Amino acid sequence: MNPPGPLGALEKEEEHSSTPILGPSIHSNNPQERIQARRLRIAARLEARRREALGEYLDGKKESEEDQSKSYKQKEESRLKLAKLLLCGTELVTNIQVAADIREIHRRVEEGEIRRQRLEKLENEVKSSQDKFDEITMKWEEGKRKRIPQDLWDMLNTQQVHCAGLIEDKNKLISELQQELKTKDDQYVKDLKKQSDDICLLLERMEEQVRNVMKTFRQELNSIEKAFEAERRELLTSNKKKWERALQAHNAKELEYLLSRIKKVEDYEKQLNKQRVWDCEEYNTIKIKLEQDVQILEQQLQQMKATYQLNQEKLEYNFQVLKKRDEESVVIKSQQKRKISRLHDILNNLRSKYTRQIRQFEEENQSLTSDYIRLVTQFKELQKAMRHFALLDDKRFREIWLMNEEEAKDLISKAFDVDRIIHTQHLGLPWTAPDFWFLRNVGPISQQQQRSATQILEEVLIQTEEEGMEEATSETESYLDLPKQVSMKTTRKILMLLCDESGFLIESKLLNLLRPLEKSECYLLKLDAIFSALGIESEDDLYKLVNFFLKYRVHHSPSSQISPWNLSLPQERTSPMSALDPGEQTDLERQKEGSLVGGEPEEKEVPPSPTLIHPNDVLKILEAFVMGLRKPRDPPAPVKVVKYVRDTSKDSAYWEALATVLPYATQNLWDALYTALEKYHLVLTQRAKLLIENNSLEKQNTELQMLLQQYLDSKINSELHVPPTQVLRAPTK
Amino acid sequence: MQSMQATLGTPTSSALSRFSTSTQDKSSTAGQTSSTGPQPSRPSIIPPPSKSKGWGTGASGGRMRRIIAEDPEWSLAIVPLLTELCIQHIVENFQNNPILKQLLPEHKQKVLDHLSPDLPLAVTANLIDDESYWRRCCTQRWPVCHVAKHGGSWKRMFFERHLENLLRHFIPSTTDPALILELLPLCRNYVRRLRVDQFLPPMKLPPRPRSGELSESGSEAEVEEPATDHYQLGDLVAGLSHLEELDLVYGVKDCGMNFEWNLFLFTYRDCHSLAATIKACHTLKIFRLTRSKVDDDKARVLIRSLLDHPALEELDLSHNLVGDRGARAAAKLLSHSRLRVLNLANNQVRALGAQSLAHALAHNTNLISLNLRLNCIEDEGGQALAHALQTNRCLTTLHLGGNELSEPTATLLSQVLAVNTTLTSINLSCNHIGLDGGKQLLEGMSDNRTLLEFDLRLSDVAQESEYLIGQALCANREAARQRAPNPSCFLSPITAKGPENPAG
């Protein structure tokens, strides 16, 4: 029972020792190994494709793989062998235990059987003995009943015999049992012996096992070691071979290199020699050249030194000069600085002055603006006054006119009287009074028609003034010039239309600015912009535009028909003015007046329908107008001049007519008469003059005589060295 | 093996002499003193321990070298250093004045190297932790030392074996119990396992068996009254705070022809005291009580005390007289503890006991190993166990050798083999499986991939099927080895089997 403990321990140890050898098994590992090998092979192939040059390396690798597998095999083999050995060994050892077990079982079975038999036997014995005993006890009862001693004795004897038999039986049984016990004891001894034998066997086997296992382990270890060594050796040899091969190759290469190197060295030596010789020659030549150069350079150096000295002196001189200058410049600089500071002060002063002036000017500006406003109001008042004065002037003008006319007429009548006197008295001719139209004329000539027109216009003017249109004031003059054709309303309407339709002429910025303003101001500014765009500068142009519009509407004719008419308009106006005689001019004026007066109502009938100008036509009209305006624009000055001259010319003509009431013949006659009379008068006057002279001389003479007397009488004369009397006497003498 | 026997033999030969240990100690100490005797006389001239070292250190102290022509024993070695002398002195007087902890590590080591292994335990036990010292102690006392069996600790080994030795040779009412209890405070921290393979019964004439002759002791024992109690472990076990394993045999070893039934009496008092002891010992993991004539009642008493034990993992009651009732108690223990190993080998468990065990096993999740060798559970019990194994998912080792099993159990077991994936080892040796049963088992094996060992020796199975089963096992083993790359895992079942063998 004891030994198995150590056995187990030993076994354990063995197994422990065997464990490290148990590597991966063949059956399980081989496929993996194979897979690994395949993978490696694939990798190797890929590698080989990549670099075919390194074939040797691959070979070596393969070899090593094989070797590894060899050692693996060896390991696996030995491992399996050892496992088997261990298994068998343990089986062998445990066999004893198993055998003991089965023996024990058999023993138990037998024991059980024997015990059962024994028990049966004992029970039978007990039963039989009990029977016997019962019998005996029964017999005791019988014996008690026996009275006969003989019988009793017999019975006792038999009873004794029975008892002895019983006891004998029992003794027999006991002896049997004791026999059995003895055999059991023997068997116990035998068992002990057997067990000790078993233990001995077990020990033997275990030792054997241990020995075997150790031996085999050693063997396997040796074999594995051998395998490894062989592998190693192979590896070594292969590596050595490789190494040697590599070494040989290396040596060969080295030799090659050496030879080539020697050759190269020789070559280089030759080249070197050549080069040396060549260099020597070159060196000599260069040396000579350089020596020459050195000489030259030395000369140059001397020269340079001389120049250098010269320069040095110069420079020193310059340096001195510069120093001086520098000093001067320092002085100047300080001066400049001072100046700068002064100027700075001045600048500051000026700045302050400037700001002050700005303020002053601002104030001035404010005062001036207020002045301006004031002046504007004054101007307006002045205008009002002017209008008032204009009316007054008109009246005065009329009065003066009438007065002058009257005077002229008086003069004329006087002249006529003179003429009549001359004719009747001096010439003795019958005189007839000349009958002229202007003689009957009273007041300004055209004034009456003009006034009617201006009056109408003034009404319109007032209206426009009320609206604040400044242009209207300027337009009044134009209306004064050509007022008969268009009414204010129509012009206004036309202008409004123009304003609405030709918005494209206005700049968008201006529109933005105009938005907040009043309607009228808006129109005004817009029209201003449009006129500037169209090139309408003067009131005349404006009027022309209005007229053009009306004409266009009246004729409903294309612009081509209008333009010639338009062109002819100035011609009509200019030509008669310049060409016509004053006499004819009056006629023409009359006609014109008549036509104008006649035209006006015609025109005035039309304006009530200004809507007849379709907004769409406005642009066409404008285009035509602009086309037409370009040409008349060239000679604008004469037109204006004529306009102004005409006004006065009428008067002057009138007045000239008045002046020339007397014809030239009479004038000539008068002139001649005048000259004759003049001469006559001259004679008379000379005569008179001489008379006066005579009188004065007489007077002078008397006076001088008086003076002389006075001088001569004075005392001074006596005091003088030379008395003036003597001097006087001499010249007078 | 022989050496082991020798180790076991030598103590036993001197064991029966009562004061063997003490005398041995004395003799050894005496020997030691005699050997160390010359030492104190010499130090005035040259201390022997430093003699060898003197050569090494001679170079440094070359200045002090002198030649004394008169002294033949003079060598070139120098006079030892003061530290050496001090250490030597400490070593000499260690018993009276143990100085160790205050020393520098190197000096400590020197002291430990030179300390005598025969110093009284009272001095050394709690002072010296150095393994090398205890190793010297062990090797000096016992020629064979398996330190691995004692957790690799020499100190633990020394104390365990020392205590075991004392217990083995303790004779109640003659040996002084204080002898053991004195040791308790010294060894309480180091003893984890107590393996006592004999308890001597009390004797009338103590001096006589001292010679160690068993024949005399046996004859003496015959005279004694049959009612004999053994040493009560209670006090000792209660004092051992780290005790994990208790392996007891209430019997006498090597009695040979002096066999007496009295020598193997496990009395009720013993039983009760032991039950109380193991109940009180909460650190106990392994409890073995073998070859001690434990019958049903005693087994029940013991097992009742083990119910709901916090740490117990292994229970071994092999080679006793446990019957069905005891088996039923063990079955109850299975469901009331975390028992992992149960060994009831060589008992008298029959079908009923096996059935109750099977019932407990069916839903158990702790038990790994069950050993019912050399019982008589027969087919009924075998079938019940087989049924239980169909649901059990924990058991790995099952030993049913020598149980009078036959074909029906084999058929059921073959079904189990096909289903179960936890079993790794089955032993059906010494049964009457028969040829057909063998074939059926072979069929079952063909579907099994986990079983590594299947013992069918001497069970009337055809050699062919046994061989084929062996092949299947071989394949399974390879597969298992592949599954676990660490080979030690694979070997664990074999090694686990190791300790079972000595039990059988």
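User: Where is the place of L258(A) in chain A?

Analyst: L258(A) belongs to helix 4 of chain A; helices (H or I, at least four residues) and strands (E, at least two) are DSSP runs, numbered from the N terminus. The model is predicted: local features need pLDDT of at least 70, side-chain atom pairs count only at pLDDT 80 or more, and totals for chains, interfaces and linings use all residues. Residues are numbered from 1 along each chain as its sequence is written, chains are lettered from A and ligands numbered from 1 in the order in which they are written, and side-chain values use heavy atoms, with hydrogens and water left out.

User: Why is L258(A) called partly exposed?

Analyst: Buried means under 20% relative accessible area, exposed over 50%, and partly exposed in between (1.4 Å probe, protein chains only). L258(A) has 48% relative accessibility and therefore counts as partly exposed.

User: Which residues make the nonpolar surface patch of about 400 Å²?

Analyst: The patch is made by L255(A), L258(A), L259(A) and I262(A). Patches take residues with over 30% relative accessible area and no salt bridge, joining nonpolar side chains (Val, Leu, Ile, Met, Phe, Trp, Tyr) within 5 Å and like charges within 9 Å. A salt bridge is a side-chain nitrogen of Lys or Arg within 4 Å of a carboxyl oxygen of Asp or Glu. Accessible areas come from the Shrake-Rupley method with a 1.4 Å probe, and for residues only the protein chains shown count as cover.

User: What span does helix 4 of chain A have between its end C-alpha atoms, set against a straight helix?

Analyst: Helix 4 (residues 149-427) spans only 269 Å, whereas a straight helix of 279 residues would span 417 Å at 1.5 Å a residue. The expected span is 1.5 Å times one less than the number of residues. G428(A), with a positive phi near 75°, follows helix 4 of chain A.

User: What makes the phi of K293(B) and of H319(B) notable?

Analyst: Most residues other than glycine have a negative phi. K293(B) is not a glycine, yet its phi is positive, about 55°; H319(B), also not a glycine, has a positive phi of about 60°. K293(B) lies in the loop between strand 3 and helix 14 (296-306) of chain B, and H319(B) in the loop between strand 4 (314-316) and helix 15 (324-335) of chain B.

User: Is each of them buried, partly exposed or exposed, and why?

Analyst: K293(B) has a relative accessible area of 27%, so it is partly exposed. H319(B) is at 12% and therefore counts as buried.

User: How do you know that strand 2 and strand 3 of chain B pair?

Analyst: Two strands pair if DSSP finds at least two bridges between them. Four bridges join strand 2 (residues 245-248) to strand 3 (residues 286-289) of chain B.
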